[in-house]
Amino acid sequence: MRHFIRRTFILLLTLWTAVTLNFFIPRLMPGNPAEAILAKFQSKGNLSEASVHALEVMFGINTHQTMLQQYWQYWREVFRFDFGLSYTYYPQTVSSLIAQALPWTLILIGVTTVIGFIGGTLLGIFAAWRNGTKTDAILTLTSTITQIFPYFWFALLCVYFLAFLLHIFPLSQGYSADFMPGWDTGFILSAIYHSILPALTILVTSVGGWLLGMRNNMISVLSEDYITLGKAKGLSNTTVALQYAARNAILPSLTGFALNLGFIVGGNVLVEVVFAYPGLGNLLFTAVTNEDYPLMQAIFLIIVVCVVLANFVADLVNVLIDPRIRRAGG
């Protein structure tokens, strides 16, 4: 219980720090969001003083509030999930843009991350158990090669050969322009068809990392005395491999997986930019290139909160799985 209370206190402190930094950092940067948005509008023509004042009121900038007042106002907006208007997609709100992009990212990046972790971990267990055999050599060599590929380069190769030359998959976008987003069969099939190639590139480049990590951890655990004792007691290979070795070897991978889950919400920017996929990563890229500060702040905040929460959950899971951590934590 003391371990849980201490971790909960650290979680709340980390969340408070993240929100506070997310508020202050844009305001400490050279220039400010107000100047950026006003300069953008003024570049399209001279604005009268009344027009400038109207823009300030509309975007909630230059309100002459003290920093402390703005800080409390920001906390109220965070709790209401109200991050104002987007400069790039005006007059859409930041919250509505995130709500539109989030499902695309969760389905594509989330599903492929879970599949990649499960597949890579199981293959890593199998390779470690067959250590020194041809199967192990093939799996290790293949994983090492796929790890060498820079994702951006590999994804562009897939787009060029499988989409541009062979026309097996669409070049970009999350669905065909012939359909409107909705829960109808045509749109769902179109969305699945458009997600196959991005999902394939993520799996190819991610499974190897999970496989090599699990294999190395597993080989180290297999040399422990209690593994030898388990075999000497006549336990089956499946029991020794999964309940004795894999249970302890998976702890580092589980922590890495939890952190990856946190980053899922932010989307994989490279994946979504290469395939022009309508997810949160692509939205973040657009926000950065257009200096859309409200949109950037909201997405960064969501990413940080999800990573912190995922790390908290991973820590609790590690405590449940490994009693040594529980005892050390008091």
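Of the 330 residues in this chain, 40% count as buried. Please keep in mind that we're looking at a predicted model. On the outside, the chain exposes about 18,300 Å², and carbon and sulfur atoms supply 68% of that area.

What is the chain built from? There are 14 helices and zero strands, so if you follow the sequence from start to end, you read α again and again. As for contacts, take those with a separation of 6 or more: 72% of them are between residues 24 or more positions apart.

Now, let's turn to the record. An unreviewed UniProt entry lists five stretches as "transmembrane region": residues 104–129, 150–171, 191–212, 257–278 and 298–321. Let me show you two of them in the model. Residues 298–321 are 100% helix and 0% strand, with their end C-alpha atoms 35 Å apart. Residues 150–171 are 68% helix and 0% strand, and here the end C-alpha atoms lie 20 Å apart.

Next, have a look at Gln173. Where does Gln173 sit? You'll find Gln173 in the loop between helix H7, residues 151–165, and helix H8, residues 185–222. Gln173 is partly exposed, at 42% relative accessible area. Setting aside neighbours within four places in sequence, Gln173 touches His194, Phe275, Ala276, Tyr277 and Pro278. And although Gln173 and Ala191 are 18 residues apart along the chain, 9.0 Å separates their C-alpha atoms.

On to charges. Side chains of opposite charge can pair when their charged atoms come close. How many salt bridges does the whole structure hold? The search finds two.

One joins Arg215 and Asp136, with N to O at 2.7 Å. Arg215 belongs to helix H8 and Asp136 to helix H6, residues 134–148, so this pair ties together parts that are 79 residues apart in sequence. Are these partners buried or exposed? Arg215 is buried, at 13% relative accessibility, and Asp136 is buried too, at 4%.

The other salt bridge links Arg80 with Asp82, where the closest N and O atoms are 3.9 Å apart. Asp82 is partly exposed, with a relative accessible area of 33%.

Let me finish with the cysteines. A disulfide needs two cysteine sulfur atoms within 2.5 Å, and by that rule the count is zero. Two cysteines to find on your screen are Cys158, which is buried at 10% relative accessible area, and Cys306, which is partly exposed at 21%.

Methods: Residues are numbered from 1 along each chain as its sequence is written. This is a predicted model: local features need pLDDT of at least 70, side-chain atom pairs count only at pLDDT 80 or more; totals for chains, interfaces and linings use all residues. Side-chain values use heavy atoms; hydrogens and water are left out. Buried means under 20% relative accessible area, exposed over 50%, partly exposed in between (1.4 Å probe, protein chains only). UniProt positions are given in the numbering used here, feature names are shortened, and annotations may be inferred rather than shown by experiment. Helices (H or I, at least four residues) and strands (E, at least two) are DSSP runs, numbered from the N terminus. Contact means heavy atoms within 4.5 Å. Accessible areas come from the Shrake-Rupley method with a 1.4 Å probe; for residues, only the protein chains shown count as cover. A salt bridge is a side-chain nitrogen of Lys or Arg within 4 Å of a carboxyl oxygen of Asp or Glu.
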